[in-house]
Amino acid sequence: MRLTLVLCLSAVSLAAPTKFLDSAYDWSDELAEFYGKISQYISTAKHNIRASTCDASKIALPSYASGLTSSSGLKPIYVALGRGTQNYTCADSTSSSTPVAAGAVARLYDATCIAANYPSLLEKLPRLAYKITLPTSDDASFPLSNIDLLGHHFFYDATTPEFNLNTTPKKQHGIVMTKKAGSIDAPSNAFAGEYGAVAWLYLTSTDGTVGNYKSVYRVDTAAGSPPKTCEGMSSAFEMQYAANYYFFGQ
């Protein structure tokens, strides 16, 4: 792992004028706290070369996700920051109709090394990432943490969430076809956005999966929920969201 994963870009950002940060990242007290912790890790890393290693075996599903089925017996493979949209449809634009989920589309950014070394930073990423516009280039790194694109999340069909981790000829990390196996409501302290944070999910792999993937967890969700009714909404609409995705396998 290169320490620049999150730290080098952040060190530059910490030294940058506040006016620049205001326009680039919608500067806030929460973001200041995030970069403050990074500054502490930078200081620690100078005296601990092991801080620059990336050992996925150290990754564990957060204890606050205990309401989801355990990943016991499986090993962590990747953790990704997902940033995109939850998609919905409406039969009409009246208060008598309710939005129906119609899949999701998101880019997945490789946060594996952050999860291994700085889990307290990882849980903060989605709520911060939600406030940042995605890079225009499909293969660009994510600006908040300078983490590389790992793959794409979308729905293969109406009931099959797909995670395609093959991004370039040299980055072929597999494909995870999944089905929903469990869910819990996002906690009350989750970042709500406009209408609330989408649920946390436990997904299991299905036929078509390429690689030794067995399960995917969506946790630390930020926003993404639709309004309670379709009043004033179009027949199809999107809600911005962010989340952390944990990939487990054999």
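In the predicted model, alanine 223 counts as buried, because its relative accessibility of 2% falls under the 20% limit. Alanine 223 is placed in strand S7, which covers residues 213-223. Its phi angle is near 60°, a positive value in a residue other than glycine. Aspartate 220 shares this feature, with a phi near 55° that is likewise positive in a residue other than glycine. Aspartate 220 also belongs to strand S7, and the residue is buried, with a relative accessible area of 9%.

The overall fold may be described next. The protein comprises six helices and eight strands. Read from the N terminus, the order of these elements is α-α-α-β-β-α-α-α-β-β-β-β-β-β. The eight strands form a closed barrel in the order S1-S2-S3-S4-S5-S6-S7-S8, and their pairing is antiparallel. From one strand to the next, the twist averages 30°. Of the 250 residues of the protein, 46% count as buried. Where residues at least 6 apart in sequence are in contact, 68% of the contacts join residues at least 24 apart.

Within the barrel, the pairing of S5 with S4 and with S6 can be followed residue by residue. Strands S4 and S5 form a hairpin in which two residues stand between the strands. Their antiparallel pairing extends over five bridges. Threonine 168 stands opposite lysine 171 of S5, and glutamate 162 stands opposite methionine 177, also of S5. Strand S5 further pairs with S6 in the antiparallel sense, over six bridges. Serine 183 has leucine 201 of S6 as its bridge partner.

Strand S6 spans residues 200-205 and includes threonine 204. The relative accessible area of threonine 204 is 15%, and the residue is therefore buried, the limit being under 20%. Apart from neighbours within four places in sequence, threonine 204 is in contact with Met177, Thr178, Lys179, Ala181, Lys214 and Ser215. Met177 thus appears among the contacts of threonine 204 and also stands opposite glutamate 162. In a regular strand, side chains alternate between the two faces of the sheet.

A further strand residue, valine 100, lies in S2. Valine 100 counts as partly exposed, because its relative accessibility of 47% lies between the limits of 20% and 50%. Between the C-alpha atoms of valine 100 and tyrosine 88 the distance is 5.3 Å, although these residues are twelve apart in sequence. Tyr88 is also one of the contacts of valine 100, which, leaving aside neighbours within four places in sequence, are Asn87, Tyr88 and Thr89.

Two pockets were examined. The largest pocket holds about 400 Å³ of space. Its lining consists of 21 residues, of which Gln86, Ala101, Phe155, Leu201 and Arg218 are the closest to the centre. Two or more lining residues come from each of strands S1 (75-89), S2 (100-110), S3 (149-157), S4 (160-168), S5 (171-184) and S6. The greatest contribution to this lining is that of S2, with four residues. By residue class, the lining of the largest pocket comprises 13 nonpolar, five polar and three charged residues. Leu201, named among the residues closest to the centre of the largest pocket, is the bridge partner of serine 183.

The second largest pocket has a volume of about 310 Å³. Its lining is made up of 15 residues, and those nearest its centre are Glu123, Arg127, Asn189, Ala190 and Asp220. At least two lining residues are supplied by each of helix H3 (29-45), helix H6 (125-129) and strand S7. Strand S7 accounts for the largest share of this lining, with three residues. Seven nonpolar, two polar and six charged residues make up the lining of the second largest pocket. Asp220 is one of the residues nearest the centre of this pocket, and the same residue has the positive phi near 55° noted above.

Note on methods
Residues are numbered from 1 along each chain as its sequence is written. This is a predicted model: local features need pLDDT of at least 70, side-chain atom pairs count only at pLDDT 80 or more; totals for chains, interfaces and linings use all residues. Side-chain values use heavy atoms; hydrogens and water are left out. Buried means under 20% relative accessible area, exposed over 50%, partly exposed in between (1.4 Å probe, protein chains only). Contact means heavy atoms within 4.5 Å. On a 1 Å grid over the protein atoms alone, a cavity is a set of points where a 1.4 Å probe fits but cannot get out, and a pocket is an open set with protein on both sides within 12 Å along at least five of seven lines; lining residues have an atom within 4 Å of a point. Grid points are joined across faces, edges and corners, and a volume is the space filled by probe spheres set on the points. Ala, Val, Leu, Ile, Met, Phe, Trp, Tyr, Cys and Pro count as nonpolar, Asp, Glu, Lys and Arg as charged, and the others, Gly among them, as polar. Two strands pair if DSSP finds at least two bridges between them. Axes are lines fitted to C-alpha atoms, for helices over the stretch in contact, and angles run from 0 to 180 degrees between N-to-C directions.
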